[in-house]
Each structure stands twice: as structure tokens, then as C-alpha cells.
Amino acid sequence: MKEMIYTVMRGGSLLFGLSVLTFTLVYYSPVDPIQAYIGGGTYMTEDQRQQLEEKWGLNDHPVQQYVRWATALLGGDFGQSTIYQRPVSTLIQERAGATLLLMTVAWTVSGLFGFTLGVWAAVSRGRMIDRLIRWYSYIQASVPTFWLGLLLLMIFSVYLQWFPVGLSAPPGKLLANVTWGDRLYHLWLPALTLSVIGTAQVTLHTREKMINVLESDYVLFAKARGASTGQIVKRHGLKNAVLPALMLHFSYVGELFGGSVLAEQVFSYPGLGAMVTEAGLKADVPLLLGIVLCSSVFVFIGNVCADFLKQWIDPRTKKRVSYDAIE
Amino acid sequence: MIKVNDLSVTFTQYEGWWTQRRVSVLHDVSLAIHEREIVAIIGASGSGKSILAHALLGLLPENAHLSGDMRFRGEVLTDRLQRTLRGTVIHFIPQSVNFLDPLQRVGKQVQWGRSKACAIVEQRDLFHRYGLSSTVAELYPHELSGGMRRRVLFATAMHNTTQCIIADEPTPGVHPSILKAMLDDFMRLREEGVSILFITHDLMAALRVADRVYIMKDGRVVEEAQPSQFVGRGESLVHSYTKNLWRALPENEFSVEEEFHVTSE
């Protein structure tokens, strides 16, 4: 219970700090929200401009502006997006699902795939397959998301025409008629891009940890007791190596969100990532702040899950009866 | 049962990137363990006792180079033979409690390597025999005291197929009454026909059960002795190191001559 209160407090302070930081950054950025709002070609009189500034409260002290926004936020009002002229909360609700789906698929696939490769490499350490896996991981770790996305787009959508070039559903189809099949068909390439990008880290870390486990005294003892390599991996390897891999992978959720911003851009996939780029470029402060807060909640939840899982898997982090009580 | 002739072990190490260095850890070690016999190997840390145990079991790392001859009942101890013997005929009691997997319950770790049908029953019996209550089986290694972990390690080696036990310092840190139970167990096992290689630096414990004693120093066997030779001031012992080892015991004169400072652990 105490831990839960602490966790909630930690989450709250994180969100507060983050909102102040983002607000400050946007406030001091050279982008003029009014100019960004009306666009380059439109003319506006000085009078009209002042009226708009007055309406948006842009002349108030920045702290005042922040407090106004934060107070509304506490009441559940994320404000009005200046580029869409619609409530930020509605916009996020519309887009969050697509991004969440994309991230969940990519996270799971890259985790499973990366862990398997890592274990495989460690078990066949020094052999050809280990070298191949490492070689692949190093190359893959140095490949930028957008470049891989473009490459996959060229191969699978343009030349082979197996998958659509973009969007999350067939264009021109009513939202009500979009099936899960359509969604998966459109999800495939961005998810593949993000999954491939996420594997190298897990693979290389799992390989290191697994090698440590295989060199440990308890594995030596298992060998002395006649256990086969398969038994050793099953009994000792998986449980001891999965924890660092999971911790790492949960902390990777933040990076994954960054990756999904790029992937969504490349595949014109209408999720939060594509929207945050737009909000940033057009200085849509309420929308930008809303998405930043929302994504930080994703990341925070990822880390909380990691803490929770660690306690669940590793008995050493649990408080339990000590031996004095038994002996 | 086990016969070792002129066994030498060297490790190849890299110094920097290119230079290889060979470190010699065992020099021409010869010894024998007969059927139904408890053989003790006494020596300080770093004298090569554990390396010998690992060599017999085939557990040395890949950079180890062996020469000499090891036989099990007349058959050359090849990798393959070692693999079939490990965990069935020959059992190993390791020296450190790190040999237990930190993430698995100790009861389960004792059950491993036993036939599924009787694993749980055997484990319960063993825990009972070594004074571990049944709740201990559900605990993880870090929740046990040092002495309890020793007993768990001891229990892992007890199978009804066991014909030979290689125990690498199984006793440090255990309570005298548990030590007695362990030594009694060794003697009981000998009655049942099990041969035991008892590696220790506890000379007194070794003398209580061993049929023969080998003294190791710096990777060599310096003396083979009968327990009966350890009497008085050690006049019937041959090597000066053994004599000093004997005399240095608190029960004896507690004396160490200048040139032989035996490091006690």
C-alpha cells in the first residue's frame, strides 16, 4: 500500500515536471503560434492579431498561462487544439488506439524475437550462428527507423505490392466498415519496422546475461549433476536471463514511442506519433502538451510494470520470512 | 575405483592481446580411491584440490589442458564416460553455496536429477534426515542460513544410484552437530559401498572418517598418510609440511615454524 502511494506520487511529480519543461520549451521556441495557425499566405491586420492574442491569452505572464492550462487539465480539460479546433482529449482518444496497437505488437514481437536470438547466440557462443546473430544485431542497431521503414515500403509496397503504402485503414472506407483484417493489413509494415528496430538491444543484452549464467557456479553444478544443455537453459537460463531482458525492454517503451513517431510519419499511419510531429511543427501547444503527457503515462506504466514483474520473478527482491523464524 | 596417474593441468591465459601464458595448476598428481573407501585430500586454498575434483568430473573450462591418466574402474575417463557417470554414479558436493540457483526453490533443486515418480518423496526424506523442516523446501537459497545451504547441497548428492561422491569442502561453517551428522553419513555411505573423495582443509574432520589422507601443496601431492600416523608430534609423518600442518592445530602445539607459515582460512 505504501509502495502504491509512493508510485502514484512518483508518477504525479513526473507528469508535473514534464509539463513544466515542455511548456517552457514551447514558450521559448521561435515558432509563433499565431503565424503557424493562420499559415504563410494569409494576411492579418495588426488589430486582428492583437484580438487573437488577447483571446488565446498569449500576452499574459507565462506562469499565468501555465497555471490556467494546468488547472483546466486537473479538471480533465486538455484544452482546444489550435490546428484542429477540436478538444485535445477527443483527438488523443481517436489516435491513441492506433499507436497503442502498433506499439504493443512491436514491443511483444521484438521482445520475443530478441530474447530467443540472444539465448540462441549465448548457447552457441563462438560458433558461426553466434557470429551471425551478433553481426545482424550490430548492423540492425545502427539502422535508423525511418530508413528501414522506407526500405520496407519500397520492397513490400512498391515493388511486391503485398502491403499498402500507408494509413491505418483503406482510404475512402467508412470507419464503421473497417474490419480488423483491414487494420492488421495496414499495421503489418509499420509494426515490422518497429519490431526489427527493437530486437538488437534485447538480443545483445540477453546474450551477455545468458553467457554469465552459463558460466555461473550453479550451471557448473547442474552439469556435475548430469543436466543436459537443454535442461540447463530451461531450468536456469530462462529465469535468470529473462529478468534483465524484461527490465530493459520495459524501459525501451519510451524509445519505442520515439520510433513510432518516425514510423508513423513514414507510413502515414494516423497515430499519436504523426500527430505530435504536426503539433510540434505548427506550435499547437495544448495538443503537444497533451500528447507528451499521454505518452509519458505510457512510459511510466511500462516502468511500473517492470518493477512489479521484477518483484514477482526475483524472490530476492521480495520481503519474506527469514530463516531465523524457521530454524 | 578411481585411479589418477601423473595428472597435470595447465590453463592457457591471454596476457594482453597476443601473448599467451600457460599457468600450471596441477603437477603429476597420482592418487587412488578404492572401493568402499573414504579418501581425504587436505590442502590450503590454491593447492589445486578443487581443480582435481573438477578434472575428475570433466568440469574444467575449455582453456584447461590435461595430461596424464584418469581411470574409473579401469576404464579411461573420457568426456563421454564422465558425462554418463555425472549425476548417476558419481555425485558432486560443491564447495560454495553459489552453486545453488538463486531463483529456484531449494526443494526443487534437490528434486532435479531424480526420477519424477519418487523425486518429491526422496527430497522430503533427505530434508528430514538433515534436519531441514518441510517449509524450507519452499524457500529460495538466499533465505537460508549458510549451514542450511550446506545441508541442501549435501542432500543433492544423495541418490540410490550413487557409487562415488566427490565432496569439495562440504563442511565449513556448519554447526558441530551437523558436521557430525555429515561425517556419520559418509561412514554410513561407505558401509553401503560408496567411495568418497573428501576434499577439505579441516584436518581434524578428515581424520575422523578417512581411510587414507593425501596432503596437497602448490598443485602437488606431497604425502600420502594413514590417519594413525597423525599422533604425538607427528614423528611418523614424512613431509615437513604435513608435520607442520599437524602441529599447527590448536589441539596440538599450535606451533608454526618460521619457514612454513600455513595460511589458515
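# A walk through chains A and B

Start by selecting Asp77(A), which is partly exposed because 14 other C-beta atoms lie within 10 Å, between the limits for buried and exposed. Bear in mind as you go that this is a predicted model. Asp77(A) sits in the loop between α4 (62-74) and α5 (88-123) of chain A. Now add Gly290(A) to the selection: 213 residues separate Asp77(A) and Gly290(A) along the chain, yet their C-alpha atoms are 9.9 Å apart.

Stay in that loop for one more stop. Gln85(A) is also found between α4 and α5 of chain A. Check its backbone: phi is near 55 degrees, a positive value in a residue other than glycine. Is Gln85(A) buried or exposed? Gln85(A) is exposed, because just 8 other C-beta atoms lie within 10 Å.

**Next stop: α5(A) and α13(A)**

Two packed helices are described by the angle between their axes and the distance between the axes. Show α5(A) together with helix α13 (residues 285-313) of chain A: the angle is about 50 degrees and the axes are 10 Å apart. That angle makes α5(A) oblique to α13(A). The crossing here is right-handed.

Which residues of α5(A) meet α13(A)? Pick Val88(A), Leu91(A), Ile92(A) and Ala96(A) on the α5(A) side, then Pro286(A), Leu287(A), Gly290(A), Ile291(A) and Cys294(A) on the α13(A) side. Coloured by class, this contact of α5(A) with α13(A) shows eight nonpolar residues, one polar and no charged. Gly290(A), from the start of the tour, is one of the residues in this contact.

**Along α5(A) to α6(A)**

Keep α5(A) on screen and bring in helix α6 (residues 128-141) of chain A. This pair packs at an angle of about 140 degrees, with axes 8 Å apart. α5(A) and α6(A) are therefore oblique to each other, and their crossing is left-handed.

For the contact itself, select Leu117(A), Trp120(A) and Ala121(A) in α5(A), plus Ile129(A), Asp130(A), Ile133(A) and Arg134(A) in α6(A). The contact of α5(A) with α6(A) has five nonpolar residues, no polar ones and two charged.

**Crossing to chain B**

Turn to where the chains touch: 20 residues of chain A are in contact with 27 residues of chain B. The chain B side of this contact holds 13 nonpolar, 11 polar and three charged residues.

Now hide chain A and look for a hairpin. Strands β1 (residues 2-15) and β2 (residues 19-33) of chain B run antiparallel and are joined by 11 bridges. Zoom in on Tyr14(B), which stands opposite Gln20(B) in β2(B). Three residues lie between the strands of this hairpin, and Gly16(B) takes a positive phi near 70 degrees.

Follow β2 of chain B to Asp28(B). Asp28(B) is not a glycine, but its phi is positive too, at about 40 degrees. Asp28(B) counts as partly exposed because it has 13 C-beta neighbours inside 10 Å.

**Last stop: the open sheet**

Strands of a sheet pair through backbone hydrogen bonds, either parallel or antiparallel. Select the six strands of chain B that form an open sheet with mixed pairing, in the order β6-β7-β8-β3-β9-β10. At the edges are β6 (90-93) and β10 (220-225) of chain B, each pairing on one side only. From one strand to the next, the twist averages 15 degrees.

Finish with strand β9 (residues 212-217) of chain B, which pairs with β10(B) in the antiparallel sense over five bridges. There, Ile215(B) stands opposite Glu223(B) in β10(B).

Note on methods: Residues are numbered from 1 along each chain as its sequence is written. Chains are lettered from A and ligands numbered from 1 in the order in which they are written. This is a predicted model: local features need pLDDT of at least 70, side-chain atom pairs count only at pLDDT 80 or more; totals for chains, interfaces and linings use all residues. Helices (H or I, at least four residues) and strands (E, at least two) are DSSP runs, numbered from the N terminus. A residue is buried if 20 or more other C-beta atoms lie within 10 Å of its own, exposed if 12 or fewer, and partly exposed in between; C-beta atoms are placed from the backbone. Axes are lines fitted to C-alpha atoms, for helices over the stretch in contact, and angles run from 0 to 180 degrees between N-to-C directions. Angles under 35 degrees count as roughly parallel, over 145 as roughly antiparallel, 65 to 115 as roughly perpendicular and the rest as oblique. A crossing is left-handed if the near helix is turned anticlockwise from the far one by less than a right angle, and right-handed if clockwise. Two residues are in contact if their C-beta atoms, placed from the backbone, lie within 7 Å. Ala, Val, Leu, Ile, Met, Phe, Trp, Tyr, Cys and Pro count as nonpolar, Asp, Glu, Lys and Arg as charged, and the others, Gly among them, as polar. Two strands pair if DSSP finds at least two bridges between them.
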